[in-house]
Amino acid sequence: MSNSSTVTEPLEPAQGGAKTPTVRRVLAAGAIGNVLEWFDFALYGYLAQYIASSFFPSSDPLSSLLAVYGAFAAGYLARPLGAMIFGQIGDTIGRKNVLTLSVTLMGVSTVSMAFLPTFDQVGPLAGVLLVVLRVLQGISVGGEFTGSFVFLAENAPKGRRGLFTSTSNFGCVVGFLLGSGLAALLSAIFSEAQITDGIWRFAFLSGIIIMIIGLILRRSLTVPERLDKYEHGLSPVLAAFRFHWKDILRIAGLALSANVGFYIMFVFAVSYLTDEMHISTSKAMDINTAAIILLALIVPVGGWLSDRWGRKPVLLTFNFLLLVGAYPLFLLVHHQAAWLIFLGQAGFAVLVGILFGVNPATMAEIAPKAVRVSVLSIGYSLALAIFGGTAPAVATFLVERTSNDMSPAYYMAGFAVIAIITTLTFTENSKRDIL
């Protein structure tokens, strides 16, 4: 299917199992963009209520907030476009190049939030500029995440591909914690009026630190890389759609159970606990943060387990546990006692964390090298754009329309079934050389 020349050489650990500086730099370079992505994601989500009136003033605060979230959704819808753009770059120019470009665009769009004019200054153009930045951020994310774990998978030491690639999702969770932590710190130090008047801008401006670190790490890497060319002469994106659409569907099928679970349990759950269960916002945030810390610690375990047991056994086991555990765990969250709420979220943290750990390596092993970034970026971005980013809204809709507080659990369980079926459609490739 592809003609291979010189390939990327996987890095080997130093004697005695110690990691060489090169290995550490590769891991950091691969994960840093995901830190920035989810740092921005958390900041925008938690500060939306403060910045809504700056760009979409309205006599109805809810309308302003919905408009801000609409701009956020525009970024998700732009992800598939970014997947095609950066997939093409990654498969033709190189993995390192796509990561350098994506972290630059992502950093610029995040930092530029700090300098946007308000509605009072430029009128409706303020909202337009906000949407443009969210679209640019979505385009960059469309290639960043999947490009990072392709890069990590192709440079992983032998027998440690799962653990190596799990740092991509580990970086995502760390970024989310940094963003939510900064938003919480601002809320503790400043009044709502002060944050609304402009303090929120400094939060986005701080993203320049992560961007600079990412650029330094990625531009300084000297990892040898030579790419395959698709034998039919098609561009990687066209070849992905024409000859590898089944792989695109497999990527999407695997991505959905973990991501829908995450967005419902760690994004939707905060508003669910405060609005439906009448838990205080501070208590809900504390429980949520503790569970997300646990999730971050579990992610590498998922990668490690998949290196020892194989990708398919881990995927089948933990997607099945998500299927049967969704209802009882969500039932624990539907409780007044804080320790029971945490127990339920902790259960989801373990299941989602393991899946977050094993998914990147599995996806990288599914697609052939010549179209790997394109296939993974398109499949993953389509799944997130259609089902991932909409999961909190769908969960809210289901609770309101069905009058069944457990309906989000059934929604999560349905995607666990899809992931199980998807896992049965491909062969185990954890021991195969993917270069």
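Guide: Welcome! A helix here is a DSSP run of H or I, at least four residues long, and helices are numbered from the N terminus. One of them is helix 14, residues 338-366, and Val 352 lies in it. Please keep in mind that this is a predicted model.

Visitor: Is Val 352 buried or exposed?

Guide: Buried means under 20% relative accessible area. Val 352 has 0% relative accessibility, so it counts as buried.

Visitor: Which residues does Val 352 touch, leaving out those up to four places away in sequence?

Guide: Its partners are Ala 258, Gly 261, Phe 262 and Leu 295. Take Ala 258: it is 94 residues from Val 352 along the chain, yet the two C-alpha atoms are separated by 5.1 Å.

Visitor: How do I read two helices that pack together?

Guide: Two packed helices are described by the angle between their axes and the distance between those axes. Try helix 11 (residues 245-275) and helix 12 (residues 281-309). Their axes are 8 Å apart, at an angle of about 165°. Angles over 145 degrees count as roughly antiparallel, so helix 11 is roughly antiparallel to helix 12. Helix 11 contributes Phe 262, Met 265, Phe 266, Val 270, Leu 273 and Thr 274 to the contact, while the residues from helix 12 include Ala 284, Asn 288 and Leu 295. The crossing is right-handed.

Visitor: At what angle do helix 11 and helix 15 cross?

Guide: At roughly 40°, and the axes come within 8 Å. Helix 15 covers residues 372-388. That angle makes helix 11 oblique to helix 15. This crossing, too, is right-handed. Among the residues that meet are Ile 248, Ala 252 and Tyr 263 in helix 11, and Leu 376, Tyr 380 and Phe 387 in helix 15.

Visitor: How can I check a helix's length?

Guide: Use helix 3, residues 79-92. At 1.5 Å a residue, its 14 residues should span 20 Å, and the end C-alpha atoms are 20 Å apart, which agrees. The buried residues of helix 3 include Phe 86, Ile 89 and Asp 91. After the helix comes Gly 94, with a positive phi near 135°.

Visitor: How far should I trust the coordinates?

Guide: Look at the pLDDT: the protein chain averages 86, and 91% of the residues score at least 70. Over residues 1-9, however, the pLDDT is below 50, although this stretch has 29 contacts in the model beyond near neighbours in sequence. Residues 13-21 also stay under 50, with nine contacts beyond four places in sequence. Where pLDDT is low, the predicted coordinates should not be read in detail.

Notes: Residues are numbered from 1 along each chain as its sequence is written. This is a predicted model: local features need pLDDT of at least 70, side-chain atom pairs count only at pLDDT 80 or more; totals for chains, interfaces and linings use all residues. Side-chain values use heavy atoms; hydrogens and water are left out. Helices (H or I, at least four residues) and strands (E, at least two) are DSSP runs, numbered from the N terminus. The expected span of a helix is 1.5 Å times one less than its number of residues. Buried means under 20% relative accessible area, exposed over 50%, partly exposed in between (1.4 Å probe, protein chains only). pLDDT is the predictor's confidence in each residue, from 0 to 100. Contact means heavy atoms within 4.5 Å. Axes are lines fitted to C-alpha atoms, for helices over the stretch in contact, and angles run from 0 to 180 degrees between N-to-C directions. Angles under 35 degrees count as roughly parallel, over 145 as roughly antiparallel, 65 to 115 as roughly perpendicular and the rest as oblique. A crossing is left-handed if the near helix is turned anticlockwise from the far one by less than a right angle, and right-handed if clockwise.
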